[in-house]
Amino acid sequence: MSSDFDVELPGAKWLGRLGRLGLLGRLGWLLGGVGLAVMVGIVAASLAPATLVAEKENRRLMEMQEAPFAQTPASAESVNERVVFGDLPDEVKRFETNGDFFFVTVSAPEQSLLSWFAGRGEPAIDLLTAEEKFGVRTPSQRREAALQQMRSASQEAQFVALTAAGYKPEISLGEVVVQEVLCREVGDDGLCAEFFPSGLAIDPSDTILEAEGKELNSVEDLSAVLDGKLPGDTIDLKIRRPDVGVLDVTVELAASPDDSARTIVGFRPFDTRVVTLPFEVDIDTGRIGGPSAGLAFTLALIDELTDGDLTGGRNIAVTGTISLDGSVGPIGGLSQKASAVRQHNVDVFLVPASQRELAEGEDELRKKLNDAGHGDVEIIPVATLEEALQALEDLGGDPLVPVDVALS
């Protein structure tokens with residue numbers, strides 16, 4: 001008869017332990033190697049450009065292009081903290097406010113492969129081609145345009161705000177600065193197929209100093225020079241171009257697309273009118289680019305210069321341009337701005353009624369905002385300053401009561 005016996009030889013226990021330790025050691029090395037590989041992969045993805053995979057159609061050229069940038073939410077900051085007053089006359093009072101108006105910004109940083117992967121499919125992130133971010137202008141043209149837009153936004157906000165508050169600012173004409181050359185013919189794709197002939201001689205951000213030897217102090221001065229001219233005629237201009245200097249150019253004139261009897265150069269000027277205020281007030285625009293904070297600036301100034309509290313003690317986010325007639329214009333990056341508003345725990349957002357995203361209706365916009373994770377932000381479209389003030393009153397704010405002050 002035979003039987004099995006468990007016999008433990010001397011040292012077998014220690015050999016078994018060492019074997020298990022060797023297996024665990026090899027497993028540890030394997031896991032460490034995998035972890036190291038993952039870390040190396042993450043570092044490599046964070047350094048590799050998103051252009052390895054990110055593409056987007058350039059509608060102007062009808063072709064796919066690399067999309068190295070992404071428009072993303074940036075910040076929501078108090079406008080009230082940026083209002084700067086100088087020495088005020090005794091008759092002018094500043095009033096305490098319990099809530100703040102917030103202006104909202106977006107950013108468009110360059111993307112890595114890792115950030116592209118992490119943000120893929122996120123509704124609050126839009127891929128951008130280089131042309132979508134920078135346009136077709138040169139860096140100096142873009143810089144001058146942004147500064148001019150910001151100056152205009154600040155000036156217009158001050159004029160509209162002080163007028164609404166009951167003061168009487170004055171406005172005077174400014175120099176002639178080209179904002180953009182007009183499009184003569186739009187193609188089937190909605191893009192410009194042909195620009196006016198002036199585009200051969202003048203560029204955006206050019207300042208027109210003289211026309212036919214006559215110094216120009218305003219667009220009205222240029223219109224006077226054009227009086228009696230016919231489409232096809234040419235005129236000599238002296239212009240100042242950023243980073244280039246003063247140039248003499250010749251421009252072919254054309255008929256206005258709105259009135260064939262009127263002869264034009266063929267460009268849209270910046271609004272360079274200069275506002276003269278009855279007392280010293282300014283807005284610290286800092287590094288803000290563009291005019292999209294115009295309405296926010298306006299409301300913050302009104303709130304500081306009139307009795308009562310327009311916000312009703314709550315924080316209100318605002319975006320939209322402001323014109324001298326009080327109309328509110330559209331802005332870019334609404335989805336990203338709504339996301340920034342939500343991240344800063346502000347739940348009311350005044351936006352331009354003319355916003356492209358509102359074309360499909362407010363319900364559709366709110367659905368998109370819900371999909372983006374910030375649908376609990378109350379979106380209120382406004383077309384004018386008057387509508388914005390009424391919306392604030394409906395939210396519990398005080399009605400605007402203009403001051404009755406005669407300044408000497």
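In this predicted model, the structure holds one disulfide. The bond joins C183 and C192, whose sulfur atoms lie 2.2 Å apart. If you like torsions, here is one to look at: the angle about the S-S bond of C183 and C192 is about 105°, so the disulfide is right-handed.

How open are these cysteines to solvent? The table sets them beside P231, a residue discussed just below.

| Residue | Relative accessibility | Class |
|---|---|---|
| C183 | 30% | partly exposed |
| C192 | 29% | partly exposed |
| P231 | 42% | partly exposed |

Let us turn to P231 itself. This proline sits in the loop between helix 5 (219-226) and strand 13 (234-241). Leaving aside residues up to four places away in sequence, P231 touches L253, A254, A255 and T263. Its C-alpha atom is also separated by 9.2 Å from that of V265, although the two residues are 34 apart along the chain.

Our last stop is helix 9, which spans residues 385-394 and has L385, A388, L389, A391 and L392 as its buried residues. Viewed down the axis of helix 9, these buried residues fall within an arc of 160°, so they line one face of the helix. The general geometry is a handy reminder here: an α-helix has 3.6 residues a turn, so residues three or four places apart point the same way. On the other side of helix 9, E386 and D394 are exposed. Just after helix 9, G396 adopts a positive phi of about 110°.

Key
Residues are numbered from 1 along each chain as its sequence is written. This is a predicted model: local features need pLDDT of at least 70, side-chain atom pairs count only at pLDDT 80 or more; totals for chains, interfaces and linings use all residues. Side-chain values use heavy atoms; hydrogens and water are left out. Buried means under 20% relative accessible area, exposed over 50%, partly exposed in between (1.4 Å probe, protein chains only). Helices (H or I, at least four residues) and strands (E, at least two) are DSSP runs, numbered from the N terminus. The arc is that of the directions from the helix axis to the C-beta atoms. Contact means heavy atoms within 4.5 Å. A disulfide is a pair of cysteine sulfur atoms within 2.5 Å.
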